[in-house]
Amino acid sequence: MARVIVVGGGISGLAAAWELSGDHDVEVLEAAPAVGGVLQRADVGGLTVDLGAESMLARRPEGVDLATDLGLDLVHPATTSARLATEDGLRPLPAGTVMGVPRDARSVEGLLAAADVARVRDEPTRPAAPLEHDVAVAEYVAGRVGPAVVDRLVEPLLGGVYAGHAATLSLRATVPALWAHARRGGSLLEQLGPAPAAGGPVFAGLDGGLATLPQVLADRLRARGAAVRPGTAVRRLERTPDGWRVDGAPADAVVLAVPAPVAARLLAGPVPAAAAELAAVETASMVIAALAVPAAELAGLDGSGVLVPPVVAAARGLRAKALTLSGNKWGWVGAQSRDLAVLRVSLGRAGEDEALRADDADVLRWATADASALLGRDLHPVDHAVARWVDGLPQYAVGHVDRVARLRAAVAAAGRLAVCGSVLDGVGVPACVAAARRAAREVVAEVPAGAGGA
């Protein structure tokens, strides 16, 4: 069996190891004290809640298939009816948009000014040549349906996924559905058409939290004979004539499943071309504050939570970019207590590090004040947990898809090496699992039969 070292114990590294285990000698090295990466959970007031990603796309199969293969119980949000913060209160988030782009002007009446609604309504009358090159999301969307759609709808949704800004994120990489329409030219709204009929839940989670997935994966990997070693930081990667050395330990092949800045540092010596591509990827950090409050303080509130457009946050002096009413959204959270309820407040986007640098007391104060202001009631947390995800979300700048192609080519040329993770093809669990499986297949395909224990 080939000896493969996987550097990184987040969902990407563990999924790659799972693909390799059984047929190969696999070792997973994770710098943090626990595996899981940004899939973590905490007890807040005796209630368990995810502190990182809490759901995955159910209509893309890789994530749900992996969970099903592991025998985990899939659950779906009890409600996906979110609200949008405005300068004077909350409004329902229009349904059926494509990353905030409405399919029909009627859906944004009462949310946008009359002139902005008219701009959306008139979109089919404005010709558009096919788009030949990648552009920023804001450039294309504002050109078709106006800047108000970007500011009020696209920004909060795009920020919720990437913690970035529409003015810098790639249309091709972040909203491929819009990119496909842009490539054809013509009216965007006519191509989008009416919302398709419901085809099952869009999102899925796990009973007990999405953080269950990496924990169970690690346990199953050990049961298969793989070594999973948290608290083991990798500092040096070296190419040898017949494989690699990872901090001096030999390997027939290596899979890198770490954030872009870490991968860039490790590849700077052996694969400088790949390191340069990774080093050019900017990242965003964010902070999640989970607050346990008396259930009575959230009584009567429906919906899954609130999204906060940056223009509204600036006007109202808010730091939060979103809040989730966890007990409303997930039945398994709401069922844990009748007396307490949990809400999560997200702070921080690309280029913003105030919350990241602040201590927990300030984060708690800001999160409580913003949640109280958004929900229109005073909240009094009895317990809290704060998670800081440093460099947690890569920013897919214009040209990102081409950058990834160059990165993969440089890595493949080095031989017996592959990369995976959220820096490549998507930040969600399904995309990460897909990239991990691809990396696992590619890396062992290069190991000659009979190799082992390099």
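How do the residues of the lining of the second largest cavity divide into nonpolar, polar and charged? In this predicted model, the lining consists of eight nonpolar residues, with no polar and no charged ones. The residues concerned are L256, A257, V258, A263, L278, V419, C420 and V423, and the space in this second largest cavity is about 30 Å³.

The search of the whole structure gave two cavities of 30 Å³ or more. The volume of the largest cavity is about 40 Å³. Its lining is made up of E277, L278, V281, H400, R403, V404, L407 and V423. Two elements, α11 (272–279) and α17, each give two or more residues to this lining, and the largest share, four residues, belongs to α17. By class, five of the lining residues of the largest cavity are nonpolar, one is polar and two are charged. L278 and V423 appear in the linings of both cavities.

Among the pockets, the second largest holds about 250 Å³ of space. Its lining has 20 residues, and L318, R319, G348, R349 and E352 are those nearest the centre. At least two lining residues come from each of β15 (283–294), α12 (310–316), β17 (320–325) and α15 (354–357). Twelve residues of this lining are nonpolar, two are polar and six are charged. R319, one of the residues nearest the centre of the pocket, also lies over the face of W366, at 4.0 Å from the ring centre. A second arginine is placed in a similar way: R224 lies over the face of W18, at 3.7 Å from the ring centre.

A pair of aromatic rings is described by the distance of the centres and the angle of the planes. One aromatic pair was counted in the model. The ring centres of Y162 and Y396 are 5.5 Å apart and the ring planes stand at 55°, so the pair is classed as tilted. The two residues belong to distant parts of the chain, 234 residues apart: Y162 is in helix α5 (residues 147–162), and Y396 is in the loop between β19 (383–394) and α17 (400–414). Y162 counts as buried because its relative accessibility is 6%, and Y396, with a relative accessible area of 1%, is buried too.

Strands β3 (residues 41–44) and β4 (residues 47–50) run antiparallel and are joined by four bridges. R41 stands opposite D50 in β4. Two residues lie between the strands of this hairpin, where G45 takes a positive phi near 60°.

Key. Residues numbered from 1 in each chain as written. Predicted model: local features only at pLDDT ≥ 70, side-chain atom pairs only at ≥ 80, totals over all residues. Heavy atoms only, no water. 1 Å grid on protein atoms, 1.4 Å probe; cavity = no way out; pocket = protein on both sides within 12 Å on 5 of 7 lines; lining within 4 Å. Points joined across faces, edges and corners; volume = space filled by probe spheres on them. Nonpolar A, V, L, I, M, F, W, Y, C, P; charged D, E, K, R; others polar. Phe/Tyr/Trp six-rings, centres within 6.5 Å; stacked < 30°, edge-to-face > 60°. Buried < 20%, exposed > 50% of the residue type's maximum accessible area, 1.4 Å probe, protein only. Lys NZ or Arg CZ within 6 Å of the ring centre and 35° of its normal. Pairing = 2+ DSSP bridges.
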